[in-house]
Amino acid sequence: MQNRNLEQDNKISLACWVLCGILVIILGILPMSPPLITQPLRPIFIAVCFLLPTTYLYRMKGEKLQIVYMLYTLVTLVAFPLTGSSISAYISLLLFGTFYICVATRIWTAREIGLVINTIIAACTIYGIILLISTPSLLTYGPQRINFFAYTINRNTSAFCIVPGALCSILALLYCPSGKRRLVYAGTGIICSALLVIIACRSAFLSLAGGGFLIAWQRASDSGSPQEKFKTRASVILLFLIAAAALYAASAGTNSMRLFDLTDSTGRDEIWEEAWKIINEKPVFGGGFDRWANTGHRMATHNAFLTIMVASGYTGGILMALFIASVFAEALKIGNLIPVAFLAELVCHSYSEPGFDYFAYIPLVLAAMLMRFIQNQNRDLRVIFR
């Protein structure tokens, strides 16, 4: 009965329009806005997120662990003296957790998922073009911060903002049945992918390469006979090897060459050693959200799990790890690599960035939407782009 109702429901719900509006703000406006603007928007996002679940609620699995983790972080907050920075950190965790739960527990229709994917592609592409126009010397600019009109922003933030658009463009290009629309998706994919190479954020580039390969591999696996699958998979491997060799040659002597220098840790090794020392001082429950800043470190930990364990100990780290592991397990269980492709960004982001922010939870949300769709409607993903 539920599947039949979903089949008949071809309308775009209010929840979907709200979600698309949030994604436009996150991907197309916030990266270009100073903190004075982004900070007040967080509680607004939390309130708006509660509008998302309407009908067709899905039985929660990993989302239960996310709720437990959010409750535990509340205990962490009140167990230490309340400060502006600690409250801000908790509000961020509450925002992202609520955002994920509200989206992941709803079953979205094909038309709604298509609208969400197209919104992400448009927002990321427009942001990338504006970024390139504002900083024409982006290719040869060495420092981690780049000029953006009146102020500067971090290269990594810009890169992870563009990754969802690049992956969604690849997905749409390979699964869209319309030839004209595929040309558009090819164009947006080239723009977003080229910008990721130019920005030269290695972890964001790896999430694009890994996620793109998984999407292409799944598309090859969806093709006809075993012989056709073998040929298509071989073509995917060959094309990726050729692309990697061409990119390596083209990036020689430029800032983009750092994408291939896997030995360059940019000082993260020393920071991670310091973080482990601080964690081991209060290993079980952590030292609160202000613990890292109070130790005099100006740079962030550059690892989301280390940030969590500094604040909430091994307990918080284990809870978050269990949550992410449960999402991965569910994604692998359905036998489709597309959700896993989006989770690749989560892995790279959490490994190199200090926290789970918008650009970690957006691919997590996309993975959840696609998992629910595949599990409950059992459709070919081509219907999303019909």
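In this predicted model, the charged end of Arg219 sits over the ring of Tyr175, with 5.0 Å between that charged end and the ring centre. Arg106 makes a contact of this kind too: its charged end is placed over the ring of Trp108, 4.5 Å from the centre.

Turning to rings that meet other rings, the tally is eleven aromatic pairs. Take Phe96 and Tyr361, for a start: their centres are 5.8 Å apart and their planes make an angle of 20°, so the pair falls under the 30 degrees cut-off and goes down as stacked. Phe96 belongs to helix 5 (residues 84-104), while Tyr361 belongs to helix 15 (residues 358-377), so this pair ties together parts of the chain that sit 265 residues apart in sequence. Phe96 and Tyr361 are both buried.

Tyr185 and Phe385 pair up as well, but here the arrangement is edge-to-face, with 6.2 Å from centre to centre and 70° between the planes. Tyr185 comes from helix 8 (residues 179-199) and Phe385 from the segment after helix 15, so parts 200 residues apart in sequence are tied together by this pair. As for accessibility, Tyr185 is buried, and Phe385 is buried too.

Back to the stacked pair: Phe96 and Tyr361 also belong to a wider group of rings. Together with Tyr100, Phe323, Tyr358 and Phe359, they make up one aromatic cluster.

Technical notes: Residues are numbered from 1 along each chain as its sequence is written. This is a predicted model: local features need pLDDT of at least 70, side-chain atom pairs count only at pLDDT 80 or more; totals for chains, interfaces and linings use all residues. Side-chain values use heavy atoms; hydrogens and water are left out. Rings of Phe, Tyr and Trp (its six-membered ring) pair if their centres lie within 6.5 Å; planes under 30 degrees apart count as stacked, over 60 as edge-to-face and the rest as tilted. Helices (H or I, at least four residues) and strands (E, at least two) are DSSP runs, numbered from the N terminus. Buried means under 20% relative accessible area, exposed over 50%, partly exposed in between (1.4 Å probe, protein chains only). A charge sits over a ring if NZ of Lys or CZ of Arg is within 6 Å of the ring centre and within 35 degrees of the ring normal.
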